[in-house]
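Colleague: Before I accept the descriptive terms used for this model, I should like each of them justified. Please show me the structure and then take my questions.

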Amino acid sequence: MLYFYPGPSKLYPTVRQYLSDAYDSGILSLNHRSQEFVNLSKSTISFLKEKLHIPQEYTIFFVSSATESWEIIAQSLSPQGSLHIFNGAFGQKWYEYTLKINEKAQSFPFGLNEEINIHFLPTIEIDTVCLTQNETSNGTQVSNETIAQISKKYQNSLIALDATSSLGGIEINWHYADITFASVQKCFGLPAGLGMMVCSPKAIRKGMEINEKKYYNSFIFLYENMQNWQTNYTPNVLNIYLLNRVLNDVLPIDLVSKQIKEQAKNWYGFLEKSYFSVLGKNPNTRSDTVIAVQGEENFIKAIKEKAKNQGIILGNGYGKWKNNTFRIANFPAITQEEIEALQDFLEKFISQEVSN
Ligand SMILES: *Cc1c(COP(=O)(O)O)cnc(C)c1O
């Protein structure tokens, strides 16, 4: 089977061996306050910093998922409200969940083919500005330049980035990102059930100042535990172990990012040349890691079915694009050969459609 689903997604083939190594190592039966766990946690965080070029002074937390990060940001970092700028289903969900926790949450939706124009954004004092850096539902992304502009406009706010389907695939400009979170079943090629939150010193200071302590996952508790490389609850040690091993293997993010961007360019060129219609029409906002292809409902259904019969799993559409798109993950674990196999399939499918 070839997996192009954008999460859960194709695992690195090495995961098979690492799973049994994890068992043999004994780490899975050890207490999460043990020295062995502390060593694993410390080493994984140092790999993350090294491979993703995260500044040393940033703090990384292990959480259970990206969704949990939405909750932590709403509960512990946004008492005076958050501004949610989004153009798709994940950004909207983030806003809606936040609104239930804090009615001061504000939304600023923008169009699928629009670039965020900072002059149209409201001039307000707000704790956090929430951006879905890579909108997995529609295959669009917010550029580092736009994030920089937003960060300058909201100097007193924290910039929170949902980079769930891009962290580990493309480079984040850490300078403008105060809280960046992701889960490992997208660009890290691992099974689901572990997330991470990368926080700037500014985010840590703000969390301390706010000092919210009402929940098991209050930011303060995360921070206190991480002082000893530990977590507030029993973490997914297996996945932390796998992340550690996979990070050891991957190239530094600048090289990974270069390759992912080249592959994305190749994908968009291929799709246009082959008469497929990319959902996002603006080349400046198309995602490098998740590609959404649009079509008639019947066409989308037929292509997914035929692909599946040939051992290729395409991603379903998501949210309001559920029935009229399919999605292709362009994640680091996917090989050039696999991409070529999918492109061959798509070319053949189209030529049969045309001749029918
Ligand atoms: C997948 C995804 C999520 C949810 O991730 P979980 O690990 O299921 O919490 C959130 N945001 C974006 C942009 C995603 O792609």
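Modeller: The exchange below sets values from this structure against the definitions behind the terms.

Modeller: This is a predicted model, in which local features need pLDDT of at least 70 and side-chain atom pairs count only at pLDDT 80 or more, while totals for chains, interfaces and linings use all residues. Residues are numbered from 1 along each chain as its sequence is written, and side-chain values use heavy atoms, with hydrogens and water left out.

Colleague: How do you know that C130 is in no disulfide?

Modeller: A disulfide is defined as a pair of cysteine sulfur atoms within 2.5 Å. The closest cysteine sulfur to that of C130 belongs to C199 and is 12 Å away, so the two are too far apart for a bond. C199 is likewise in no disulfide, its nearest cysteine sulfur being that of C130. The search of the whole structure finds 0 disulfides.

Colleague: What makes C130 and C199 buried or exposed?

Modeller: Buried means under 20% relative accessible area, exposed means over 50%, and partly exposed lies in between (1.4 Å probe, protein chains only). C130 has 2% and is therefore buried; C199 has 0% and is therefore buried as well.

Colleague: Why is H53 called partly exposed?

Modeller: Its relative accessibility is 36%, so H53 counts as partly exposed. H53 lies in the loop between helix 2 (35–52) and strand 2 (59–63). Helices (H or I, at least four residues) and strands (E, at least two) are DSSP runs, numbered from the N terminus. The phi of H53 is near 55°, a positive value in a residue other than glycine.

Colleague: Which description applies to W229, and on what value?

Modeller: W229 has a relative accessible area of 30%, and is therefore partly exposed. W229 is not a glycine, yet its phi is positive, at about 60°. The loop that holds W229 runs between helix 7 (219–226) and helix 8 (237–249).

Colleague: What makes the peptide bond from G7 to P8 noteworthy in geometry?

Modeller: That bond is cis, with omega near -10°. P8 is found in the loop between strand 1 (2–3) and helix 1 (15–25).

Colleague: How do you know that the side chains of H84 and S82 make a polar contact?

Modeller: A polar contact is a pair of N or O atoms within 3.5 Å; within protein, one must be able to donate a hydrogen and the other to accept it, and residues adjacent in sequence count only if both atoms are side-chain atoms. The contact between the side chains of H84 and S82 is at 2.8 Å. H84 lies in strand 3 and is buried, with a relative accessible area of 1%. F86 is also found in strand 3 (residues 82–86); at 7%, F86 is therefore buried.

Colleague: Which values support polar contacts between the ligand and T136 or S183?

Modeller: An N or O atom in the side chain of T136 is 2.4 Å from an oxygen atom of the ligand. For S183, a polar side-chain atom lies 2.7 Å from a ligand oxygen. A polar backbone atom of A66 is 3.2 Å from an oxygen atom of the ligand.

Colleague: How many residues surround the ligand?

Modeller: There are 13, and the closest are T67, T136, D162, S183 and K186. The criterion for being near is a heavy atom within 4 Å of the molecule. Helix 3 (residues 66–76) gives the most to this shell, with 3 residues.
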